[in-house]
Amino acid sequence: VYAPPSGTVLPAGTHTLSVTFTPTDSADYNNQTASVSLTVNPATAAVSVSCSPNPITYGSQTTTCTTTVGGSATGTVAWTINGGAWTTTGLSGGSTSAGGFNGYAAGSYAIVANYSGDSNYAAGSAPTTLTINKATPSLSWTSPANIVFGTPLSAAQLDATSGGVAGAFVYTPGAGTVLPVGSYSLSAT
């Protein structure tokens with residue numbers, strides 16, 4: 001008879017195992033028990049991380065980054081962005097999430113989930129990259145009223161707007177141009 005019984009999953013730490021031998025010939029032999037010490041080392045945690053959606057677009061779009069730690073791990077995940085501290089979240093059911101990023105500048109961000117470890121699982125980490133793409137401003141430009149020959153192009157005709165995004169417009173043809181009689185396409189960048 002083994003103690004603990006076969007199939008038992010022991011937590012990390014040092015444990016005493018014992019076996020008791022019961023001889024068939026109990027008239028001539030006594031039962032005998034032997035014990036040994038067994039050390040169970042913490043398991044390596046299988047840490048993974050991903051962000052969804054990824055990539056996102058600069059502005060108000062957000063994403064959620066989720067870390068999964070295999071097994072029955074407990075503990076916390078300390079998140080970093082480009083090497084700097086971001087937030088710490090607790091595992092629930094082997095996973096945890098953190099989100100946001102609206103307002104972060106366009107570019108690539110190195111996200112690392114650093115698992116703290118617990119009594120049965122060693123600490124571990126996993127990286128991912130979040131990409132924030134540039135946003136495209138919303139340009140609007142109403143067709144200007146017709147002008148009379150000899151009238152130079154001005155802000156009355158060259159009045160495109162960029163939906164509140166700061167910047168400069170380049171018009172073709174530019175301000176001050178006097179166009180000959182006819183129909184023309186004006187463009188703004």
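**Thr63, the strands and the nonpolar cores**

Not counting residues up to four places away in sequence, Thr63 touches Cys51, Ser52, Pro53, Ile56, Ala98, Gly99, Gly100, Phe101 and Leu130. This picture, like everything below, comes from a predicted model. Thr63 belongs to strand β7. With a relative accessible area of 2%, Thr63 counts as buried because that value falls under the 20% cut-off. The side chain of Thr63 also has a polar partner: the backbone oxygen of Pro53, reached at 2.6 Å.

Several of the residues around Thr63 lead on to the nonpolar interior. In soluble globular proteins, nonpolar side chains tend to be buried together. Here, the largest nonpolar core has 22 residues, and those with the most contacts inside it are Val69, Trp79, Phe101, Ile111, Tyr115 and Leu130. At least two residues of this core come from each of β5 (47–52), β7 (63–69), β8 (76–81), β11 (107–115) and β13. Strand β11 gives the most, with 4 residues. A second, separate core has 5 residues, among them Leu153, Leu158, Ala160 and Tyr171.

Ile111 offers a helpful view of the surroundings in the largest core. Leaving aside neighbours within four places in sequence, Ile111 is in contact with Cys51, Cys65, Trp79, Thr80, Ile81, Trp86, Phe101, Ala126, Pro127, Thr128 and Leu130. Phe101 and Leu130 appear in this list, and Phe101 and Leu130 are likewise touched by Thr63.

Turning to the strands, an open sheet of 5 strands is arranged in the order β6-β13-β11-β8-β9, with mixed pairing. Its edges are β6 (56–57) and β9 (84–90), each of which pairs on one side only. Strands of a sheet pair through backbone hydrogen bonds, either parallel or antiparallel. At the β6 edge, β6 and β13 (residues 124–133) run parallel and are joined by 2 bridges. Within this pair, Ile56 stands opposite Ile132 of β13. Ile56 is also one of the residues that Thr63 touches.

Strand pairing is found towards the start of the chain as well. Strands β1 (residues 2–3) and β2 (residues 13–21) run antiparallel and are joined by 2 bridges, with Tyr2 having Val19 in β2 as its bridge partner. Strand β2 in turn runs antiparallel to β3 (residues 32–40), and 9 bridges join these two strands. In this pairing, Leu17 has Val36 of β3 as its bridge partner.

Key
Residues are numbered from 1 along each chain as its sequence is written. This is a predicted model: local features need pLDDT of at least 70, side-chain atom pairs count only at pLDDT 80 or more; totals for chains, interfaces and linings use all residues. Side-chain values use heavy atoms; hydrogens and water are left out. Two strands pair if DSSP finds at least two bridges between them. A nonpolar core is a set of buried Ala, Val, Leu, Ile, Met, Phe, Trp, Tyr and Cys residues joined through side-chain atoms within 4.5 Å. Buried means under 20% relative accessible area, exposed over 50%, partly exposed in between (1.4 Å probe, protein chains only). Contact means heavy atoms within 4.5 Å. A polar contact is a pair of N or O atoms within 3.5 Å; within protein, one must be able to donate a hydrogen and the other to accept it, and residues adjacent in sequence count only if both atoms are side-chain atoms.
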